[in-house]
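Student: Got a minute to go through a model with me? I'd like to talk about how its parts pack together.
Tutor: Sure, let's put it up.
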Amino acid sequence: MSEAGKLLFDLTLTDEQALMRETVRKFVDAEVRPFARKYDEAGATPRELWQKTLELGVNAVQIPEEQGGFGSTRSPISNTLLAEDLARGDMSLALSALSTLSFVNCLLDFGNASQKAQLLSACAADGFHPAAVALAEPGTRFDPLKLATTATRATSATGNQGGYVLQGAKTLVAFGPEAEHVLVIARPPHGAPGEAGAFVVPRGQAGVSWSREAFMGLRPAPLHRMQLDGVQVPESARLGGDVPFQLSRLVDLSRIGAAALTVGTCQAVLDYVKSYCNERIAFGEPITNRQSVAFMIADIAIELDALRLLTYRAAARAERGLPFHREAYLARIQAVEKGMKIGTDGVQLLGGHGFIREHMVELWYRNLRAVPLLEGTLCV
Amino acid sequence: MINLELSEQLAGLETLMRSVATNVMRPISRKYDKQEHDVPVELKVLDRSRQRQASGAAPAGEKKEKDPTQPRQVKNGPAMAAVVSIEHMAWGDVGLMLSIPGGGLGNAAINAVATAEQKERFGSLYASMAITEPASGSDSGSISTTARLDGDEWVIDGEKIFVTAGGRCNAVVVWATLDKHKGKAAIKSFVVPKGTPGMEVVKLEHKLGIRASDTATILFTGCRVPKGNLLGHAEVAEGEKRAAFGKVMQTFDNTRPGVAAMSIGCARAALDLARELLEKDGLRFDYDKPLWDASAAEAELYRMEADWEAARLLVLRAAWMADNGQPNSMEASMAKAKAGRVGNAITLRCVELCGSIGYGEDTLLEKFARDSKILDIFEGTQQIQQLIVARRLLGKSSAELK
């Protein structure tokens, strides 16, 4: 039997993953959760917090040693666990803190040698290096296979071809004008559906304009609308190595990322309603002595575990190099539907108190509504 | 290392069972749905008790010496093999699967609580399980069938209903109380071989679904069995009541993932067939479009698949935990709760999606939709599973969370 054939169904973390999980959980409990409300009200995240997540090794772990990283194997599963654990503290922080990792993962998957050499070392450095992937576009019914943003081959006055001109608009781009690099996904003007390229756009690029987006939730995450008007990038800005850029891989990895953020946030909801409802007295006893309340909490736990396993399966298939398009698609469906259900039940279980901004459940409710929008945002 | 794919060995088992389901069960599926109480003779080739005898009946629970200095090896063992087999047999036909000679729920009880000597004596029987009574369903602690010791024999009196395979089995594991005033701790199970005077099958039920499986009412009137037919030990624990009853109930920790697997198998059968019919009508499933740009039928199928896949993974997790020595009572109930409700919803929706073709007897979709209902009921209803999960999760006793 081959090595792969001996592989068993297994839910055990590797030692490295277990250690990382413990470290991140401690960090989240001490540095994230207690302040999540404050940052939500302020609509901003202090830069030191990103610097602190960096010290967990978030970006550098899977960057090769020659580019200044730790050289661990590229691991969608480890990234999924990381997204889950950070989101248990705060989805907004998880999203912004892992935005650079998402950019790194795209480089690792699709970049050529010189792109990796140039860009990865900056991301592996000690200082926080804000970066983002820009896929989602403003408008109703966004479909990643029907992008409006185009990349047209540039033609010089002498008739020589060189570089591309990007035209369009992107939404939910982390860090905006502060981002050192943004990977813009755009389609050729006359390409087939799903055909697309990925282009590195550096900070301060002419033709790019930014506006801060204010949403129902994800308020501390510095999310921006990106307008691209005749943005000229050189040939070398287009990602492409031994493996050509695959839009579907990027989309699928980001769906796993969105599902992982959902799992972490829903875990926070479950933990919160468990203790709140056990302590809340009505009619002379804890409200969890009533089946209507207890069963709602049981169902949160059941659907959460089911979603978690679905997410892990898609990530583990990606890690093993198996096809994972279907699994990522199904994980997204469950994340969108069950995640919001858990979010709304979380508020319901606290009754009127759940509606008050003193409790966290209303914040998770607002954040969980973002899950379907997170296309291309966090690639694991 | 996290991996949620089946091992090569389990994938092989999956293929084997799917082929049995396709070749042995599907061809006779409609026949025994129509001929409700006929014995499906075609299933003799699958007799489990003969298989157990042939393999030397190695009793479960015999463990190899372990080297404590070695790190624990992850196992994909008998519990996983069981749910994988059950899923694919149930894909063939749940009713027929429950009618495979030798594979009764009573056998699970014997495996779980019998002494070594009892396993030797009863291991090759085809044993059904008699718990439910006309006035005692989910509340199995309230049964009123009695067992009284008279000399070297137990004398059993009472009425049992909903005994799966009660007509066709060759022994019944019956639950009875030694003293109704002592509550759950006094409930014991007894092996009663067929032909024992005083045990009579008085009725076979006519059901909504799983019609191929016989469901019997059995009457016990002064029915005498040897003292040694009480499974496990006879003492009635005074203090640790829940622990003693728990011993009998623990059968269900092992069987709940199995019933959940039936639900998954039955739902998959409906999904596969509905998809085939929809594809004939020109629908394509590529898992690409956002749900709101897919047709409503397409979107519904995706949603069902997502629910199905999630439920299946809960079932595999519960079995994996059992194989790796982790307590899984809550996870087994989670699996049964999600698989039971999702399985029922999927089979019903597939009928709806396929219109009069789905509703008609020319395909099996309507049958799957009838069969699936019981899977959200027997061996713990949806609500009982939620109760178990909720109590564990919230740290509640049965007095607090009723």
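Student: How many salt bridges does the rule find across the interface of domain 1 of chain A and domain 2 of chain A?
Tutor: Zero, where a salt bridge is a side-chain nitrogen of Lys or Arg within 4 Å of a carboxyl oxygen of Asp or Glu. Some ground rules: this is a predicted model, where local features need pLDDT of at least 70, side-chain atom pairs count only at pLDDT 80 or more, and totals for chains, interfaces and linings use all residues. Residues are numbered from 1 along each chain as its sequence is written, chains are lettered from A and ligands numbered from 1 in the order in which they are written, and side-chain values use heavy atoms, with hydrogens and water left out.

Student: And how many residue pairs are in polar contact there?
Tutor: Three residue pairs between domain 1 and domain 2 of chain A, both residues at pLDDT 80 or more. A polar contact is a pair of N or O atoms within 3.5 Å; within protein, one must be able to donate a hydrogen and the other to accept it, and residues adjacent in sequence count only if both atoms are side-chain atoms.

Student: What area is buried between those two domains?
Tutor: About 1,300 Å² between domain 1 and domain 2 of chain A, with carbon and sulfur atoms giving 71%. Buried area is the accessible area (1.4 Å probe) that two parts lose on being put together, summed over both. On the domain 1 side, A:D40, A:S92 and A:F103 supply 32% of the area buried against domain 2, more than any other three residues.

Student: Switching to the chains: what area is buried between chain B and chain A?
Tutor: About 5,000 Å², of which carbon and sulfur atoms give 60%. In chain B, B:M1, B:I2 and B:E5 lose the most area to chain A, together 15% of what that side buries.

Student: How many salt bridges does the rule find there?
Tutor: Twelve across the interface of chain B and chain A. One pairs A:K338 with B:D307, their closest N and O atoms being 3.6 Å apart. That interface also has 31 residue pairs in polar contact, both at pLDDT 80 or more.

Student: Which helix of chain B gives the most to the side that touches chain A?
Tutor: Helix 10 of chain B, with 13 residues. Helices (H or I, at least four residues) are DSSP runs, numbered from the N terminus.

Methods: Helices (H or I, at least four residues) and strands (E, at least two) are DSSP runs, numbered from the N terminus.
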